[in-house]
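Visitor: I've got a structure to look over, and I'd like to know how its labels are earned. Could you take me through it?

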Amino acid sequence: MKQFDVAIIGGGIAGLVAAIDLAQAGKSVVLLEKASQLGGRAISAKKNGAIFDLGGHATIRGGAMDEIFQDLGLRIDGGSPSANISFLWNNKVSHIFRFIFSRNLSWLGKKEFMKFYNALTKIDADSVPAISLQSWIEQEISDPMARRIAYAMFRTSSYSHAPDHQMAGPAIRTVARTTKKSSIVYVKDGWQTLVDQLYEKAARSGVSIMTGKNVTEIEHDGVVRKIKFADGQEMDIMYVISATPPAVTSRLLGDAGSKSILRWVEQSRVIKAASLTLSLKRLSAPDHFAVLGLDQPVYFVNQSKFTRLSEDGTSVVNIVKYNGTGGTDPKADERFLEQMMDLIQPGWQKEVVARQYLPNMVAAYDYMHLGREDRFPGPAVPEIAGLYVAGEWATHGENLADAAAASGRRAARCVLEEMEQIVRVVGNPFRYE
Ligand SMILES: Cc1cc2nc3c(=O)[nH]c(=O)nc-3n(C[C@H](O)[C@H](O)[C@H](O)COP(=O)(O)OP(=O)(O)OC[C@H]3O[C@@H](n4cnc5c(N)ncnc54)[C@H](O)[C@@H]3O)c2cc1C
C-alpha cells in the first residue's frame, strides 16, 4: 500500500478535522472509514424530499465546531430558535411565559428561576468547583419546579440525563452559550452539508480518503508499527489518530492494549437517546415549535420553523427521549415518543410523509462527569508512542460535536508537535513530507 505520515481511523467530524489540519500542515495523511460514506453520526438521510439528521441536531455559535469551521473558511448556515419555547408538564404543553407566570411555579420559584437564568451568562464556568450538576443546581435553587426547569435546560443542551454525575462547570459553559441570542443553529439542508464541506476541504488539502476500509488492528510494541484491515491488507505507519469510540480503539490494540485506554473505557459513561424524526404535511399546533419535557425526559423541535429541511414545504420535526446510560426497550420507547407526539402535535399520524425511528442511539461515548480519573483523556496515549485519540468522548470540556471537532484538532496538533520535535533532534525521518 502507499505509505503515509499519519493514518486517521474514523471519518466522523473528529477524524475529518484532524485530517484537514495535518494535511494543511504539509503532512501526507490517509483517512480510513469503515462505512461506505464519511460523516459517522453527523450524516443526514433524504426521505421523500425531506432531510433527516440522526436527531434534532443543533450546533452552537461560538462553540468549538463553529470556530474551527470559520478558521477553515467553511460555513455553518442555518436558523436560530427564538426564546419562545414551551414546556410539557402534566400532559399539557404551555408557553414558557404562561407557565412561569402560572401557579405551576410558586413566587419563590419564579424569583429563583429568573435570578438563576440571568446569572447563567455571567458565571465563570472555570471557577465552579468539581461538583455534580445536581449539587450545583440544588445549591442555587431550592424550589422543586424551578429545579425541574433548570434540569430540562441542561439535559437538552448536553443529552445527558444524569445530573448526579454530570460535571457542573462544563455543563454551565454550554448552557450559558445557548442563552445568547441566535446562538443555537439548526443547519440548513442538514448536517450532511457540514460533512460534505469537511470532505471537500480534506480532499482539496490532499488527504487520501478511503471509505469501506475497516481497520481491525493497530499493531504496536509500545510504538505504533502497522495497521491491519479486514480485507487482509496492511499499512506500515508511524502515527495513528484513532477517531473511533474508546472501546473500538481498545479492541484494535488487542491483548497488548494500553492501561490508559482501558481506564478510559471502564470509566466512560455513554449517553443514549431514542430519536423519532418525522416529515409532516401539516402541524396541528404550529406554535409548539420547541417543547422541553419537565416531567418527561423528552425534547421536541420543529426544525423547519428555523431552517430549510425539505424541498416541498413539509415540516421536519424531531422528538427525542433521553435514555441516560441505559439501553431501553426500543418498542416501548417508540410508543412513548408517539404518545408524547399526541400531546404536542395532536393528529400528527395522519400527516406523516416520512419517518425515521432510531432507538438507543449513542449521542456521546463519554462526557465530562465525576469519576473520570483522567479529567481530560488523550489526545496522546501514554503507553504507546505514535498513537493519539479523538472523538467527542475525548472531551476537554466541550460538548458533543464541539468536543468531536476540538478533539480532532487537539490530536492533529500533538502529532505535529511531536514530528517537529523529532525533526529538531534527529533530522527529518519523514519520507513523505
Ligand atoms: C440522536 C443524536 C443527536 C445528536 N444531537 C446533537 C446535537 O444536537 N448537537 C451536537 O453537537 N451533537 C449532537 N449529536 C452528537 C454528534 O453527532 C457527535 O458528537 C459527533 O457526530 C461525533 O463525531 P465523532 O467523529 O466523534 O464520532 P463518529 O461520528 O461516531 O465517527 C466515528 C467514525 O469512525 C468509524 N469507525 C469506527 N470503527 C472503525 C474502524 N474499525 N475502522 C474504520 N472506521 C471506523 C465509524 O464508522 C464512524 O464513521 C447527536 C448524536 C445523536 C446520535
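Visitor: What makes the residues of the shell around the ligand nonpolar, polar or charged?

Guide: The names alone decide: Ala, Val, Leu, Ile, Met, Phe, Trp, Tyr, Cys and Pro count as nonpolar, Asp, Glu, Lys and Arg as charged, and the others, Gly among them, as polar. On that basis the shell around the ligand splits into 19 nonpolar, 12 polar and 5 charged residues. Keep in mind that this is a predicted model: local features need pLDDT of at least 70, side-chain atom pairs count only at pLDDT 80 or more, and totals for chains, interfaces and linings use all residues. Numbering runs from 1 along each chain as its sequence is written.

Visitor: Which residues are the closest to the ligand, and how many surround it?

Guide: There are 36 around the ligand, with G10, G12, G40, G55 and A401 the closest. A residue gets in if its C-beta atom, placed from the backbone, lies within 6 Å of the molecule. Elements giving two or more residues to this shell include α1 (13–24), β2 (29–33) and α12 (400–426); helices (H or I, at least four residues) and strands (E, at least two) are DSSP runs, numbered from the N terminus.

Visitor: Which domains does the shell draw on?

Guide: Domain 1 (6–40 + 192–268 + 368–426) and domain 2 (44–80 + 184–188 + 270–364) each supply at least three residues. The bounds come from an automatic or database domain assignment, which also gives domain 3 (96–178).

Visitor: How do you know that domain 1 and domain 3 are in contact?

Guide: The test is C-beta atoms, placed from the backbone, within 7 Å of each other. By that test, 7 residues of domain 1 meet 9 of domain 3. On the domain 1 side, the touching residues are 3 nonpolar, 4 polar and no charged. Centre to centre, over C-alpha atoms, the two domains are 35 Å apart.

Visitor: Why is R155 called buried?

Guide: Buried takes 20 or more other C-beta atoms within 10 Å of a residue's own, exposed 12 or fewer, and partly exposed is in between, with C-beta atoms placed from the backbone. R155 has 23, so buried it is. R155 sits in helix α6 (residues 144–158) and touches S160, H161, P297 and Y322, leaving out residues up to four places away in sequence.

Visitor: What makes the radius of gyration agree with a compact globule?

Guide: The rule is 2.2 Å times the number of residues to the power 0.38, with the radius taken over C-alpha atoms. For 433 residues that comes to near 22 Å, and the protein chain has 22 Å, so the two agree.

Note on methods
Contact = placed C-beta atoms within 7 Å.
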